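User: Please take a close look at one part of this structure. Keep the sentences short, and explain the terms as you go.

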Amino acid sequence: MVDGTLVNLSRLQFALTAMYHFLFVPLTLGLSFMMAIMESVYVLTGKKIYQHMTKFWGKLFAINFAMGVATGITLEFQFGMNWAYYSHYVGDVFGLPLALEGLIAFFLESTLIGLVFFGWERLTKVQHLTVTWLVALGSNLSGLWVLIANAWMQHPVGAEFNYELMRMELTSIKEVFFNPVAQVKFVHTMASGYVTGAMFVLGISSYYLLKGRDLAFARRSFAVASGFGLAAILSVLVLGDESGYNLGEVQKVKLAAIEGEWQTEAAPAAFTLFGIPNQAMERTDYALRIPYALGLIATRSFDKPVIGLKELKMQNEARIRKGITAYGYLQRLRAGENNQALKYAFNNSKAFLGYGLLVKRYTDQVVDASEDQIKAAATDTIPHIAPLFWSFRVMVGCGIIMLFIFVMAFYYNAKRNVEEQRWLLKLALYSMPLPWIAIEAGWIVAECGRQPWAIAEILPTFLGTSTNTVAQVFTSLIGLALLYTALLVVELWLMFKYARRGPSSLNLGLYHFETHSSGSLPKL
Amino acid sequence: MIFDYETLKLIWWFLIGALFLMFALTGGFDLGVVALLPFVGRKDAERRILLNSVGATWEGNQVWLVTAVAAIFAAWPWAYASAFSILYFIISILVLALVLKPPGIDYRSKLAHKGWRRLWDGILSISGVVPALIFGLILGNVLQGLPFHYNEELRVVHNNSFVAYFNPPALLGAAMVLNIFLLQGSAWIAFKTREDLQARARWWLIGLALLCLVLEFSIWLFDLPQKTIGYRITSLIAGNESLNPLNKTVVQEAGAWQTNYQNYPYLRVLPYLAWIALWGVMISAWLRRFGLAIGALLLVVISLSLSYMAALFPFILPSSINPHHSLTLWDACSSHFTLMALLWAGIFFLPLVLAYTAWVYRVMRGPLLNDASSHKLPY
């Protein structure tokens, strides 16, 4: 039996640290590329202002990057600290992309980042530009490996269960690397990082334009951000649609949960735009529905149905029964019984072993599970719908608003009269939190939608924990929450301070607060 | 596959040791510098110089630690899962301390306010001292064995009494590691700076080297290697097979960590080498040959680490409550296929990492004089 409080605290701690980490990562991803673009323009045209842009946005990048690095360390340690059985069970497969992340990507990014800041006078223009590009490349590769690892949790491929060591072992690197979920996830997540970087630069540049200061600097930054952002938001949305199709293939429960689709409908299914998911009654109240839309997105066809949650639950109940049989075979094998017939029987049923493990939440005697326990385990295979349903809509809503902002920004930038569109500048400024909201909501969809699994259909989340005490995890959770929150406050405060000050913070003697004696200089 | 399983297991034992060693050889200097920040740097400008002396390289150096931990996860999942949960409490503190360093280095000079800077200087010093102490505690505790065993589903079960981790041998380990990181920090400062900073760092360097000699001497004086309880495998190990750590027998006995030194007497060179190199550090500091002092220090770190690894071999994580369940490099590892895949990645990328790291150090070479260019906040 499992201590539910321990599981919940461990999950909460992981969620907290991962979500804090992902406040900083997307901006790193996007801003590093935008700095590389600005510096490329500087090197190609020789215009100093683009170097100043690179340096100023680089200053803000550094404030953010420090937190990204700091919060990333915690995550790497936490698998072992709080998810020991998980680490044991899948380390043979899951550890590989993480090790490659360090070796191939994180090293590149972290070793060269120093030269981006310290290298202006020590490197030639082209060398420095190369370094900036390599940092951007490194941060993006970093994301690639982490997302390959995450995708494997969502859709584990290329691995085989070893009953003697009770763990999954790698059988195909190719399958793990080219996991279809990983590819879609990678482009979707990277592009959302680019959107974050673009919204950041767009919003702050709009602030300068509204204030009427450092116009040449702000206009150019705005121009880069609007172009880069428009391309990025389009890829996010297209890849979001691709993820929908992908889910229909491999994560049917998640898809149905996002849609609040309880009953399988006649194809093509309708898309529920809004409604109130009612988990107890297994229905979505007050649903506002668009006919055919879900079927088209998820199956790209008119005739294939999108399977509803009730039916998925029934299917899972059957899988649990098979899983219990598999668990019985496993116990006999582990007790030392060694005959070919038993091994054959186990190999034929081990695909369902994970479903059998779900019963462990209710009894340690898996093979003797009662009907009620099996039913309860089957109910567990459907995650909580409301957080998924709402997070998904928040994410898409933010995406659509940002699409509008970038289209408008691009349009007026091309017409060269952005400064007259004060409504757009204000909208861009006050919409700055949107990419972060969308991204955090997106992760809630991805990870809550994976429940009850740590590794889909292989290892239930509650089994993955360490044998820590509740007091231990509670203490570390409080410590991390306090420290992270304090650091976040400091980070935001510095960010606001430097963003308000603008390029004057480069101390070049060229910008607003240095040339306008009337302006009151914000003190540092 | 070009290597058989047994060879790969050995290679990965070396490589994981090497990754941690690389962290000590590079990141150790950074930890030492930030730990000494408020002590060696007296004026604000001096502290800025100290931070700039590691500013361009510390981030890359820290990745050796990140990669080493990830490599343990991938190559020794048993050890990763067990060690990090058994040592939950002290690793939590390690994490909190490590989290403080990046914002500390970056944010400290962002505001001119005096109190703000003093606060961050204190925090930075803690973020240098605490990890050093915890690394030492971990090394000292692992040497004595950790209180864990595995249940029938191979889940690691452990006692949670964290007070037990603060025992005398572990505290000695903590003192040793802190001492060495501080030595590295002061050597780096003496090497990279000039005038007052250099002069102060030189005295730190000489004093710390003396202290380190005393510590190492006391280990020998109290005959700790002979008295400490060690572990020894008593069953045959089929290194080429996929092994379950529970299927072996191990005994706990005093002096068992000497076994390898008895079987391979040339290993005894290692601790003596550390001893001689420490004298080398002190003498070269006295003669103001700080480049030489750094070279000698690298030798100290390498020979001490190898002495430790040679004593434990082939153990990774001995268990004090059920020695048979101890983890060794033969049975705590990933599958043959995974180890080989990881090795290919290492063969291709480690030389590349070393090359661009060396390039960054080359670009940043040269002393930091006490002038405007060294005081600048570059980011």
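Analyst: What follows is a tour of one pocket and of some helices that line it. The model is predicted, so local features need pLDDT of at least 70 and side-chain atom pairs count only at pLDDT 80 or more, while totals for chains, interfaces and linings use all residues. Residues are numbered from 1 along each chain as its sequence is written, chains are lettered from A and ligands numbered from 1 in the order written, and side-chain values use heavy atoms, without hydrogens and water.

Start with the space itself. The second largest pocket holds about 1,300 Å³ (the space filled by probe spheres set on grid points, joined across faces, edges and corners). A pocket is an open set of points on a 1 Å grid over the protein atoms alone, where a 1.4 Å probe fits, with protein on both sides within 12 Å along at least five of seven lines. Lining residues have an atom within 4 Å of a point.

Here 48 residues line the pocket. Closest to its centre are Phe14(A), Ala18(A), His21(A), Leu75(A) and Val146(A). By type, the lining has 29 nonpolar, 12 polar and seven charged residues. Nonpolar means Ala, Val, Leu, Ile, Met, Phe, Trp, Tyr, Cys and Pro; charged means Asp, Glu, Lys and Arg; the others, Gly among them, are polar.

Which helices supply the lining? In chain A, α1 (4-45), α2 (48-82), α3 (84-118), α4, α6 and α16 (434-448) each give at least two residues, and so does α3 (58-75) of chain B. Helices are DSSP runs (H or I, at least four residues), numbered from the N terminus. The largest share, 12 residues, comes from α1(A).

Now see how α1(A) meets α6(A). Their axes come within 7 Å and cross at roughly 70°. That makes α1(A) roughly perpendicular to α6(A). Axes are lines fitted to C-alpha atoms over the stretch in contact, and angles run from 0 to 180 degrees between N-to-C directions. Under 35 degrees is roughly parallel, over 145 roughly antiparallel, 65 to 115 roughly perpendicular, and the rest oblique. Among the residues in contact (heavy atoms within 4.5 Å) are Phe22(A) and Met38(A) of α1(A) and Tyr194(A) and Val201(A) of α6(A). This contact has 13 nonpolar, five polar and no charged residues.

Helix α6 (residues 180-211) of chain A also packs with α4 (residues 125-154) of chain A, at about 135° and with axes 9 Å apart. That makes α4(A) oblique to α6(A). The crossing is right-handed: the near helix is turned clockwise from the far one by less than a right angle, while anticlockwise counts as left-handed. The residues that meet include Asn140(A) and Gln154(A) of α4(A) and Lys185(A) and Tyr194(A) of α6(A). Nine are nonpolar, five polar and one charged.

Last, chain B. Helix α3(B) packs with α1 (residues 5-40) of chain B; the axes come within 8 Å and cross at roughly 155°. That makes α1(B) roughly antiparallel to α3(B). This crossing is left-handed. Trp12(B) and Asp30(B) of α1(B) are among the contact residues, as are Trp58(B) and Ala75(B) of α3(B). The contact has 14 nonpolar, five polar and one charged residue.
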